[in-house]
Amino acid sequence: MRCELQHRYSPEFEGLPNDQSKFNGRHKCAGCAYEKGMESGRLKASSITIDFESLPNSQAGTVRHKSVQAAFARGYLNGVLESYQ
């Protein structure tokens, strides 16, 4: 499965750290990880995990080789903050 969503080109992911570790979601879509983090954050989930296998692959745009863990964490924080608005 491959991500085809436009978030792959979002400049907000340029600042994420690079991560090519095969154990940390290598070649997975950091944009999709961000969105999953946002969902968990909006719900203020008390326990969070990343299922790397559920994320589609992406080698395009600004999400290429970016840390899905950092993307998820940023999404979670933004989701929690958004839930207060």
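Where in the chain does His-65 lie? In this predicted model, His-65 is placed in the loop between H1 and H2. Its phi is positive, at about 60°, although His-65 is not a glycine. With a relative accessibility of 19%, His-65 counts as buried, because the cut-off for burial is under 20%.

The loop between H1 and H2 also holds Lys-44, a residue that follows H1. Lys-44 likewise is a residue other than glycine with a positive phi, in this case near 50°. The relative accessible area of Lys-44 is 39%, and Lys-44 is therefore partly exposed, a class that lies between the limits of 20% and 50%.

As to the chain as a whole, the secondary structure comprises two helices and zero strands. The C-alpha trace spans about 35 × 25 × 20 Å along its principal axes. For 85 residues, a compact globule would be expected to have a radius of gyration near 12 Å, and the value of 12 Å found for the chain agrees with this. Of the 85 residues, 41% count as buried. Contacts between residues at least 6 apart in sequence were also examined, and 83% of these join residues at least 24 apart. The chain exposes about 5100 Å², of which carbon and sulfur atoms supply 50%. The chain carries 11 positive and 9 negative charges, and the mean positions of the two sets are 4 Å apart.

Helix H1 covers residues 30–42. At 1.5 Å a residue, its 13 residues should span 18 Å, and the separation of 18 Å between the end C-alpha atoms agrees with that expectation. The buried residues of H1 are Ala-30, Gly-31, Cys-32, Ala-33, Tyr-34, Gly-37, Met-38, Ser-40 and Gly-41. Helix H2 (68–83) is included in what covers these buried residues.

Ala-30 is located in helix H1 and has a relative accessibility of 0%, so this residue counts as buried. When neighbours within four places in sequence are left aside, the contacts of Ala-30 are with Phe-13, Leu-16, Val-63, Lys-66, Ser-67, Val-68 and Ala-71. Asn-18 is twelve residues from Ala-30 along the chain, and the C-alpha atoms of the two are separated by 10 Å.

A further position in the loop between H1 and H2 is Thr-62. This residue has a relative accessibility of 13% and therefore counts as buried. Outside its neighbours within four places in sequence, Thr-62 is in contact with His-7, Arg-8, Tyr-9, Ser-10, Pro-11, Phe-13 and Glu-14. Phe-13 is thus a contact of both Thr-62 and Ala-30. Between Thr-62 and Leu-16, 46 residues apart in sequence, the C-alpha to C-alpha distance is 9.2 Å. Leu-16 is itself one of the residues in contact with Ala-30.

Ser-10, one of the contacts of Thr-62, belongs to the segment before H1. At 17% relative accessibility, Ser-10 counts as buried, because this value is under the 20% cut-off. The C-alpha atoms of Ser-10 and Asn-78 are separated by 16 Å, the two residues being 68 residues apart along the chain.

Conventions: Residues numbered from 1 in each chain as written. Predicted model: local features only at pLDDT ≥ 70, side-chain atom pairs only at ≥ 80, totals over all residues. Heavy atoms only, no water. Helix = DSSP H or I, 4+ residues; strand = E, 2+ residues; numbered from the N terminus. Expected span 1.5 Å × (residues − 1). Buried < 20%, exposed > 50% of the residue type's maximum accessible area, 1.4 Å probe, protein only. Contact = heavy atoms within 4.5 Å. Rg over C-alpha atoms; globule rule 2.2 N^0.38 Å. Areas by Shrake-Rupley, 256 points an atom, 1.4 Å probe, with all protein chains shown as cover. Lys, Arg positive; Asp, Glu negative; His and termini not counted. Charge placed at Lys NZ, Arg CZ, Asp CG, Glu CD.
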